[in-house]
Number of protein chains: 2
Amino acid sequence: MTSAETPTPRKRPVQARSAITVDAILTAAAHILEGEGMEGYTTNAIAARAGVSIGSLYQYFPNKEAITAALVLADAERLYEGLQAASDASAGAPFLSRLEALLDVVIAHQMDRPALARMIDMEERRLAHDPALQAVHEAGFALVRQELQQSGLSLPFGLEACTVDVFAIVLGICDTAGERGETDGDSLKARIRHAVLSYLGGRPS
Amino acid sequence: MTSAETPTPRKRPVQARSAITVDAILTAAAHILEGEGMEGYTTNAIAARAGVSIGSLYQYFPNKEAITAALVLADAERLYEGLQAASDASAGAPFLSRLEALLDVVIAHQMDRPALARMIDMEERRLAHDPALQAVHEAGFALVRQELQQSGLSLPFGLEACTVDVFAIVLGICDTAGERGETDGDSLKARIRHAVLSYLGGRPS
DNA sequence: GATAAATATGAGCTATTGCTCGTATTTTGA
DNA sequence: TCAAAATACGAGCAATAGCTCATATTTATC
């Protein structure tokens, strides 16, 4: 994984084994969050599950919050990179195709590990003021903004408002689906596509 | 406030003064949540702010979670009652008017105390499995479901899916607006109305 | 092989905080 | 008026969990 997953590390891991340790910690944290929620999410439990001593954990993370922040940031980055890749891959294609490509990424991201996605989503709200996280969010915004600009559609509101709302609609429907335990990705995609397209004024379905 | 705000009370308040105590506790809890977030949200702080001893607090709430649950439930009930009232008041009116009446309630609820709304929203996700809360949610669903049924619109998806999505769209845009600190209720309403109407296939703005 | 730097360890400290319980005060009802 | 019930009080217990630090081990460097 990239170095961005370890923000504010107390010590920069330089040897290979320490990188493995950091990775094990983040993986363990994710598994606990996914399987037990916030109740079991303690630094001691994370260290134990990672097969690492609590001392080692605090050698690379200044506090518990930093672990969560790293987890959330890595997740946001993965999503953004997926969107970027989809955007690049569908360059030149008509807007509808490009939108579908982006939705596929978002939905795959949601459907992959729904329980984890839900927990990370909740933590993401709590850590919304983290500058590194905000930067990734802004990058995602920029991507969608550009997509809308190039779509040639006559937008119902200002570019910024439409960008914000498209995000809100997509994430809103996705999160709700996650909370309700929906598993049908195709249905989800069809509904989100319809919601976004009709909002933008493009011919839906 | 109604008795529904005190679920699972350790002791049912029967005298007037104890009702005041319970009310003071809930009010204090809301104020702390609104002003300091989860960091300052401790039972001792709540009791202190309420001008009540910690012992009194635990005479009416079995644990801290019950206070939060009562807060969230009261909020959800207030919203639902507002929707119900708006629905009743606009009986017989065309769908667009009725939708606007409902949106006014939602937006007023969001704009009234945005910081508190945001915190309650977060806790609401965490407590999503609370039966009493689920019941209120279901009541809200039923209201919107009926509204859609009576609209005469030919829905783009099944009634249930449309109900869920309308909720998700409205709350998604609202929450995002709250997080971004938006203060223009009119703009918000226009966008949400557009999003919902276009999703449903009714002629937007 | 020797020295230093990096990494790993985990017992236990510290601080917080949810919560209890014995007691005091107020209200009710007869 | 007085006993019983309801309410209020708050010092302090108990448990948890974040985190430190002195020490041990491994790796890199020369």
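Before the first slide, one definition: a residue is near a strand if one of its heavy atoms lies within 4 Å of it. With that in hand, good morning everyone, and a reminder that what you see on screen is a predicted model.

Let me start with DNA strand C. 25 residues surround this strand, and the closest are Gln15(A), Thr21(A), Gly55(A), Thr43(B) and Lys64(B). So what part of the strand does the protein meet? Sugar and phosphate make up 66% of the atoms of DNA strand C that come within 4 Å of the protein.

Here are some individual contacts for those of you who like distances. From Tyr60(A), a polar side-chain atom sits 3.1 Å from a phosphate oxygen of DNA strand C. On the other chain, a polar backbone atom of Thr43(B) is 2.7 Å from a phosphate oxygen of that strand. There is a base contact to show you as well: a polar side-chain atom of Gln59(A) lies 3.1 Å from a base nitrogen of DNA strand C.

Which helices supply this surface? At least two residues each come from helix H1 (16-36) and H3 of chain A, together with helix H2 (43-50) and H3 of chain B. H3(A) has the largest share of the surface near DNA strand C, with five residues. In terms of residue class, the surface near DNA strand C divides into seven nonpolar, 12 polar and six charged residues.

Now let's turn to DNA strand D. Around this strand there are 25 residues, with Lys64(A), Val14(B), Thr21(B), Gly55(B) and Ser56(B) the closest. Of the atoms of DNA strand D that come within 4 Å of the protein, 66% belong to sugar and phosphate.

Chain A reaches the backbone of this strand through two side chains I'd like to point out. Lys64(A) places a polar side-chain atom 2.6 Å from a phosphate oxygen of DNA strand D, and Tyr58(A) places one 2.9 Å from a phosphate oxygen of DNA strand D. From chain B, a polar side-chain atom of Gln59(B) lies 3.1 Å from a base nitrogen of DNA strand D. The elements that give two or more residues to this surface are helix H2 (43-50) and helix H3 (54-60) of chain A, along with helix H1 (16-36) and helix H3 (54-60) of chain B. The largest share of the surface near DNA strand D is five residues, and H3(B) provides it. By class, the residues near DNA strand D are seven nonpolar, 12 polar and six charged.

How does this sit with the annotation? In an unreviewed entry, UniProt places a "DNA-binding region" at residues 42-61 of chain A. In the model, that span is 75% helix and 0% strand, and its end C-alpha atoms lie 13 Å apart. The unreviewed UniProt entry also lists "domain: HTH tetR-type" at residues 19-79 of chain A. Over residues 19-79, the chain is 80% helix and 0% strand, with the end C-alpha atoms 22 Å apart.

Let me zoom out to the whole of chain A. Its secondary structure comes to nine helices and zero strands. The C-alpha atoms of chain A fill a box of roughly 55 × 35 × 25 Å along the principal axes.

Last topic: the two chains against each other. How much area do chain A and chain B bury between them? The figure is about 2,300 Å², with 64% of it on carbon and sulfur atoms. Within chain A, Arg125(A), Arg191(A) and His194(A) lose the most area to chain B, together 26% of what that side buries. Counting contacts, 25 residues of chain A touch 25 residues of chain B.

On the polar side, there are four salt bridges between chain A and chain B. One example involves Arg125(A), which pairs with Glu179(B), and the closest N and O atoms are 3.1 Å apart. Between chain A and chain B, nine residue pairs are in polar contact. Helix H6 (114-126), helix H8 (159-179) and helix H9 (185-200) of chain A each give two or more residues to the side that touches chain B. H8(A) gives the most, with 10 residues. By class, this side of chain A has 12 nonpolar, four polar and nine charged residues.

That's my tour, and I'm happy to go back to any slide.

Definitions and conventions: Residues are numbered from 1 along each chain as its sequence is written. Chains are lettered from A and ligands numbered from 1 in the order in which they are written. This is a predicted model: local features need pLDDT of at least 70, side-chain atom pairs count only at pLDDT 80 or more; totals for chains, interfaces and linings use all residues. Side-chain values use heavy atoms; hydrogens and water are left out. Contact means heavy atoms within 4.5 Å. Buried area is the accessible area (1.4 Å probe) that two parts lose on being put together, summed over both. A salt bridge is a side-chain nitrogen of Lys or Arg within 4 Å of a carboxyl oxygen of Asp or Glu. A polar contact is a pair of N or O atoms within 3.5 Å; within protein, one must be able to donate a hydrogen and the other to accept it, and residues adjacent in sequence count only if both atoms are side-chain atoms. Helices (H or I, at least four residues) and strands (E, at least two) are DSSP runs, numbered from the N terminus. Ala, Val, Leu, Ile, Met, Phe, Trp, Tyr, Cys and Pro count as nonpolar, Asp, Glu, Lys and Arg as charged, and the others, Gly among them, as polar. UniProt positions are given in the numbering used here, feature names are shortened, and annotations may be inferred rather than shown by experiment.
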